[in-house]
Amino acid sequence: EKVLGSHTPQRFETEYRRRDGSTFPAVLEIQAVWSEENNGYHLFGFVEDISQRKQAEEGQRIAEELYRTLAEKSFAGVYVVQNGRFMFINTNAAQYAGYDREELLGRVSREMIHPEDRERARQCAVEMVRGKRDAPYEFRIITRQGEVRWIMETLTSINYLGEPAILGNSMDVTEYKTIATERENII
């Protein structure tokens, strides 16, 4: 009835059965055309096998699920920055700065960097993204509570939701920096 009442082709996604009994996902596009001659409707349509598309969608879903699991279970802080804003951030990265993940989504990422370290961190980030730097770099952040913490970071360019972005991996190295400073003072 939906097809007969419409003047435009209708699309239905469903499964079809082959002669050998196997099934495949397909799109049926069908249109009803009134025939004055026969005083009735003629149905015109075609079936398109979408098995490959469905496989690709399932592969993408599995990859996204795996990435989210790896990012959330990672010991490191993991985040995606696009147009200067956090688009994804795992719990560890948010906790380094004393926030919940949801509070940082959409926030400008460089705002958390200590003002004295922003330019150097930006330069290191640009070098790393352009492939001119391999080694992680360190900078200070200011937490929600106003505490200064040291972060070690690596970055790489990625494509996120069809647009260029940066994938960051970080670790809070404040304890190591404190121990190193104390050791230097003793020496």
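1. Which residue lies over the face of tryptophan 150, and at what distance from the ring centre? Lysine 177 takes this place, 4.3 Å from the centre of the ring; a charge is taken to sit over a ring if NZ of Lys or CZ of Arg is within 6 Å of the ring centre and within 35 degrees of the ring normal.

2. A word on the basis of this note. The model is a predicted one, in which local features need pLDDT of at least 70 and side-chain atom pairs count only at pLDDT 80 or more, while totals for chains, interfaces and linings use all residues. Residues are numbered from 1 along each chain as its sequence is written, and side-chain values use heavy atoms, with hydrogens and water left out.

3. On aromatic contacts, a search of the whole structure finds three pairs, where rings of Phe, Tyr and Trp (its six-membered ring) pair if their centres lie within 6.5 Å, and where planes under 30 degrees apart count as stacked, over 60 as edge-to-face and the rest as tilted. One of them joins tyrosine 79 and phenylalanine 86, an edge-to-face pair with 5.9 Å from centre to centre and 90 degrees between the planes. Tyrosine 79 has a relative accessible area of 8% and is therefore buried, the term for values under 20%, with exposed used over 50% and partly exposed in between (1.4 Å probe, protein chains only). Phenylalanine 86 is buried as well, at 6% relative accessibility.

4. These two residues return in the largest nonpolar core, which has 21 residues and in which Tyr79, Phe86, Ile89, Leu104, Met112, Tyr137 and Phe139 touch the most other members. Such a core is a set of buried Ala, Val, Leu, Ile, Met, Phe, Trp, Tyr and Cys residues joined through side-chain atoms within 4.5 Å. At least two residues of this core come from each of β4, β5, α2, α4, β6 and β7, and α4 gives the most, with four residues. The helices (H or I, at least four residues) and strands (E, at least two) named here are DSSP runs, numbered from the N terminus.

5. How much space lies in the largest pocket? The volume is about 580 Å³, counted as the space filled by probe spheres set on grid points that are joined across faces, edges and corners. A pocket, on a 1 Å grid over the protein atoms alone, is an open set of points where a 1.4 Å probe fits, with protein on both sides within 12 Å along at least five of seven lines, and its lining residues have an atom within 4 Å of a point.

6. The lining of this pocket is made of 27 residues, and Val81, Ser109, Arg110, Ile113 and Glu153 lie nearest the centre. Two or more lining residues come from each of β4 (77–82), β5 (85–89), α2 (91–96), α4 (118–129), β6 (137–142), β7 (148–160) and β8 (163–172), with α4 giving the most, six residues. By type, the lining divides into 20 nonpolar, three polar and four charged residues (Ala, Val, Leu, Ile, Met, Phe, Trp, Tyr, Cys and Pro count as nonpolar, Asp, Glu, Lys and Arg as charged, and the others, Gly among them, as polar).

7. Two backbone angles deserve a look. Most residues other than glycine have a negative phi. Asparagine 83, however, has a positive phi near 55 degrees; this residue lies in the loop between β4 and β5 and is exposed, with a relative accessible area of 76%. Leucine 161 also has a positive phi, near 55 degrees, and is placed in the loop between β7 and β8, where leucine 161 is exposed at a relative accessible area of 70%.

8. Some distances between C-alpha atoms help to place the parts of the chain. Histidine 7, in the segment before β1 (10–17), is exposed at 75% relative accessibility and lies 7.9 Å from valine 33, with their positions 26 residues apart in sequence. Phenylalanine 12, in strand β1, is partly exposed at 29%, and its C-alpha atom is 9.5 Å from that of valine 47, 35 residues apart along the chain. Glutamate 72, in helix α1 (residues 51–73), is partly exposed at 28%; its C-alpha atom and that of threonine 181, 109 residues apart along the chain, are separated by 32 Å.
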